[in-house]
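Please find below a short note for a colleague who has not seen this structure before. The points are numbered so that each can be checked against the display.

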Amino acid sequence: MRILFYIIAAGFVLSLAACDGMKLPGNQQKTEAKAQSADSNIKSSIQNVFTAKGDMFSQVAVDVSGGRVLLSGAVDEPETRVWAVEIAWKTPGVKSVISEIEIQDMSSLKDFAKDVVIAAQARAAMFHDKDINPANYTVDAINGTLYLMGAPASKDELERTEKILDKVRGVKKILNRTVVKSVVKR
């Protein structure tokens, strides 16, 4: 019994060692290389637009993985943060955008705090509706105006999202900056 255990354990260790140096099958390598190329193109496109805008986005970093964009860093104005997210969403191939961009000018901390609460309530409202995929959207609030950005799966999802967000306390108006994903039939 003990010998059988050692044989199985040795086989397991040898198989792990063999897997360590193993390469992905050809098709999988090509798929991964294609995905990395797509991510690189997305990142490059966003950075090119940022660079064309001058110093406005000079402190914003862009990371892309699997079509998901992470924006981080700092900007001077809340509107600039919204604009950065909007640029990212409009880039072909983007599946979702996460903004970790901070605002450097905190002159009106009270208004900023209200907007943070409004945006958080908006995100929570979307998460609580099973017919809405929150990953399709980014929301941001500035002075009670809710900016809705992203790529909804359908017009129905977008309409449902707008109705839910319209009920969020503190929202004065909603500016829709979304683009409905086109449905490809096969």
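**Notes on the model**

1. Begin with Thr-145. Leaving aside residues up to four places away in sequence, Thr-145 touches Asp-140, Lys-173 and Leu-175. The residue belongs to strand S5, which covers residues 145–150. Thr-145 has a relative accessible area of 11%, and because a value under 20% counts as buried, the residue is classed that way. Across the sheet, Thr-145 stands opposite Lys-173 in S6.

2. The model is a predicted one, so its confidence values should be read along with the coordinates. The mean pLDDT of the protein is 82, and 77% of the residues reach 70 or more. Among the elements, helix H5 (residues 155–166) has the highest mean pLDDT, 94, and helix H1 (residues 2–20) the lowest, 50. The pLDDT is below 50 over residues 16–22, and this stretch has zero contacts in the model beyond near neighbours in sequence. Where pLDDT is low, the predicted coordinates should not be read in detail.

3. The overall layout comes next. The secondary structure of the protein comes to five helices and six strands. Read from the N terminus on, the order of elements is α-α-β-β-α-β-α-β-β-α-β. The protein has 186 residues, of which 33% count as buried. About 12300 Å² is exposed, and carbon and sulfur atoms supply 56% of that area. Among contacts between residues at least 6 apart in sequence, 61% join residues at least 24 apart.

4. Thr-145 is part of an open sheet. This sheet has three strands in the order S4-S5-S6, with mixed pairing. Strand S4 (137–142) and strand S6 (173–178) are at the edges; each has a single partner strand, so one side of each is left without a neighbour in the sheet. On average, and with direction ignored, neighbouring strands of this sheet are turned by 20 degrees against each other.

5. How do S4 and S5 run relative to each other, parallel or antiparallel? They run antiparallel, and six bridges join them. One bridge can be picked out by eye: Asp-140 has Tyr-147 in S5 as its partner. The loop between S4 and S5 holds Asn-143. The phi angle of Asn-143 is near 50 degrees, a positive value in a residue other than glycine. Asn-143 is partly exposed, with a relative accessible area of 46%.

6. The pairing of S5 with S6 can be compared on the display. Six bridges join S5 to S6, and these strands run parallel. From S5 the chain crosses through H5 to S6, and this β-α-β crossover is right-handed. Helix H5 lies across S4, S5 and S6, running at about 155 degrees to S6.

7. A helix from earlier in the chain should also be viewed against this sheet. Helix H3 (residues 78–89) lies across S4, S5 and S6, and runs at about 165 degrees to S4. Lys-90 is found in the loop between H3 and S3. Is Lys-90 buried or exposed? At 55% relative accessibility, Lys-90 counts as exposed. Lys-90 and Gly-150 are 60 residues apart in sequence, but their C-alpha atoms are 8.1 Å apart in space.

8. Helix H3 also takes part in a right-handed β-α-β unit, together with S2 and S3. Strand S2 (residues 68–75) and strand S3 (residues 96–103) run parallel and are joined by eight bridges. Arg-68 has Ser-96 in S3 as its bridge partner.

9. The last residue to inspect is Val-69, which lies in strand S2. Its relative accessible area is 1%, and Val-69 is buried. Not counting residues up to four places away in sequence, Val-69 touches ten residues listed here in full: Ile-42, Ile-46, Val-62, Asp-63, Val-64, Ala-88, Val-94, Ser-96, Val-97 and Ile-98. Val-69 and Ala-88 are 19 residues apart in sequence and 7.3 Å apart in space, C-alpha to C-alpha.

Note on methods. Residues numbered from 1 in each chain as written. Predicted model: local features only at pLDDT ≥ 70, side-chain atom pairs only at ≥ 80, totals over all residues. Heavy atoms only, no water. pLDDT = per-residue confidence, 0-100. Helix = DSSP H or I, 4+ residues; strand = E, 2+ residues; numbered from the N terminus. Contact = heavy atoms within 4.5 Å. Buried < 20%, exposed > 50% of the residue type's maximum accessible area, 1.4 Å probe, protein only. Pairing = 2+ DSSP bridges. Axes fitted to C-alpha atoms, helices over the stretch in contact; angles between N-to-C directions. Right-handed = clockwise from strand over helix to strand, strands pointing away. Areas by Shrake-Rupley, 256 points an atom, 1.4 Å probe, with all protein chains shown as cover.
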